[in-house]
Amino acid sequence: MLTYRPDEILETIHMTEVEHLDIRTVTMGISLRDCSDPNPATLLEKIRTKLLRTAEHHVRTVEDISSEFGIPIANKRISVTPIAIVADGHDIGTLIDVARTLDNAAGELGIDYLGGFGALVQKGTTRGDQALIDAIPDALAATQRICSSVNVASTKAGINMDAVARMGEVIKELAEKTDQAVGCARLVTFANCVEDNPFIAGAFHGVSEPDVVINVGISGPGVVLNAVRAAGDCEFGILAEVIKRTAFKVTRMGEMVGRKVSSRLGIPFGIVDLSLAPTPAEGDSVAAILEAIGVERVGCHGTTAALMLLNDAVKKGGLMASSYVGGLSGAFIPVSEDAGMIAAVEAGALSLDKLEAMTSVCSVGLDMVAVPGNTPPSTIAAILADECAIGVANNKTTAVRIIPVTGKMVGQSAEYGGLLGTAPVMPISRFSSSTFIARGGRIPAPTGGINN
Amino acid sequence: MALTDFEIKQLTRMVADRMGKSVSDADLSTVVAQVTESLQAKPNNPEITGATCEVSPPRQSSQPSHMATVHDVQTPPTATPTHAVNSEQLGLYQQIEQTDASRVIVAAFGQNRPGIVAAVTRALSETACNIEDMSQTIMQDVFTLIMLVDISGANTDFPTVRDRLTAIESELGMKVFVMHEDIFRYMHRI
């Protein structure tokens, strides 16, 4: 008698071959805290040397494991300590050089994206943080692989509205410096960011992390979609059970890969992030899952409840499957990277307002949302503030990756191709938020943050 | 405190399990010596089965040589997990961290016709792989052959074995999948 039943073996093969189950990313987190130096040249050299030496075998090891175990691993990435901490005290010019150095090192290592050109300013902004934020537009425009994230709010600190206002301007500047504002796809504004997120563009290596760590992000919307479809017209309790079981199996795969990579590289294993991360590929869509749950089109009434069920069941199923669950863990709802979301926007079913409501129950926030190129910075800042408010009040991570596509209006789309997909430009409110944003200061932490 | 022969044997077995089949005798004895020493240094040593011991396998020698440089990073070698583990944890970690699973699942699907088993077993025999278990069945009109194969004695590496097996696909008009057993163990067994 075989140890495994034929239907179990078929199920696994079906998941990888037909349903696009893959490990979305194996991300090596590297601390650069020991690279700080008052001399710009030495700083750059230390960063370069540490990256090249630490991650030398990352790509090859992950590829070996992918090939040996027959599991597709889509991306090999790196996250580093927020650069505002590493390069504190340096001017904008040096910070841009740091971005270039990181970009070149990532290129040499065969890494497509490196996250961590960022700052943590939820309570206040140091001069170093300010320099980094000011450097973001030029730094991202001058590089291909660098991703940036700025945490502007937390449940404990409240919302740093000065930083929010500045980020509105930074996003606009970056949009104008890159073709079709594509640079904005590499910039995330966070509330309650997590330190071990393996997913780009929000990945960075937190200051409380060990020197080097391996974090794994799993995916598999296609697997969950097929499970939901196969479950048929069952009631919600059963549906949640079906999703949980599927999430468990998918996460086990991530756990195994993380352990193997970590053991082979001799680097501690951090966490598995059990997120449903859609891609523009057919069937690899979170929107399609929500529609399979029963809403005619994503964005119609009932979508938020369906998403809550999905996000929660994914977490519950994954929690037992891994010894260390972390990152963002849940369902991502990017617009341009999900064929079902794009279709819903184009059909007029999904608005920015509904998307904002959905972010209160999804794993992150407004992601890969295109808005008209002439959107004022204060409106973008106000969108960030709303999203921060949802995160801060609900003690969850929220984020905004918004793209004001230069020269484009509602009804048009920005074509990015590849994983970034196609971003239909979504309408925004025609009323102004500028007086609100101009107040400045910090919105105090909610009572929920004062829980000691 | 001195350990009895029985305790040392027990310990050796635990360490051998923990380090996997591919470990060399020299590495094994180094680690056992290390652990024995650390246990003997403790004044009140409980029984081995409940003992807390530091296991730090000599990674540089038990891993591909190109990995050695990872430790040269300007970081302390804390990258090696040297945390204390007790025997129960040892069993669990051994189960989940074993790096060189030597068994693979071979699954072939297609229209039933003569020669399928022969072709698969020929490929396995040519690469010196050992079939440990085998089952064939008709599922939804599709002939399904599933084998549990030990590749530890294979005369070539895993990718070559896999390529040799998948080469049968065109010969027989079937789909052949070869995946490490670990994947199925992780996914379907708690």
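**Close-up views of chain A: domain contact, strand 8 and helix 2**

**View 1. Contact between the two domains of chain A.** In chain A, 33 residues of domain 1 are in contact with 33 residues of domain 2, where contact requires that C-beta atoms, placed from the backbone, lie within 7 Å. The model is predicted: local features need pLDDT of at least 70, side-chain atom pairs count only at pLDDT 80 or more, and totals for chains, interfaces and linings use all residues. Residues are numbered from 1 along each chain as its sequence is written, while chains are lettered from A and ligands numbered from 1 in the order in which they are written. Domain 1 of chain A spans 29-191 and domain 2 spans 218-436; these bounds come from an automatic or database domain assignment. The C-alpha centres of domain 1 and domain 2 of chain A are 23 Å apart.

**View 2. The side of domain 1 of chain A that touches domain 2.** Helix 7 of chain A gives the most to this side, with 10 residues. Elements that each supply at least two residues include helix 3 (58-69), strand 5 (146-154) and strand 7 (187-191) of chain A. Helices (H or I, at least four residues) and strands (E, at least two) are DSSP runs, numbered from the N terminus. The residues on this side of domain 1 of chain A comprise 21 nonpolar, nine polar and three charged. Here Ala, Val, Leu, Ile, Met, Phe, Trp, Tyr, Cys and Pro count as nonpolar, Asp, Glu, Lys and Arg as charged, and the others, Gly among them, as polar.

**View 3. Strand 8 of chain A and its partners.** Seven of the seven residues of strand 8 (residues 212-218) of chain A are buried, so this strand is largely enclosed by the rest of the structure. A residue is buried if 20 or more other C-beta atoms lie within 10 Å of its own, exposed if 12 or fewer, and partly exposed in between, with C-beta atoms placed from the backbone. A:Val212, A:Ile214, A:Val216 and A:Ile218 point one way, and A:Val213, A:Asn215 and A:Gly217 the other. Strand 8 of chain A pairs with strand 1 (residues 23-30) in the antiparallel sense over seven bridges, pairing being defined by at least two DSSP bridges. A:Ile30 stands opposite A:Val212. With strand 9 (residues 269-274) of chain A, strand 8 pairs in the parallel sense over four bridges, and A:Leu274 is the bridge partner of A:Ile218.

**View 4. The buried face of helix 2 of chain A.** Buried residues of helix 2 of chain A include A:Leu43, A:Ile47 and A:Leu51. Strand 1, helix 5 (92-109) and strand 8 of chain A are among the elements that cover the buried residues of helix 2. On the other side of helix 2 of chain A, A:Ala41 and A:Thr42 are exposed.
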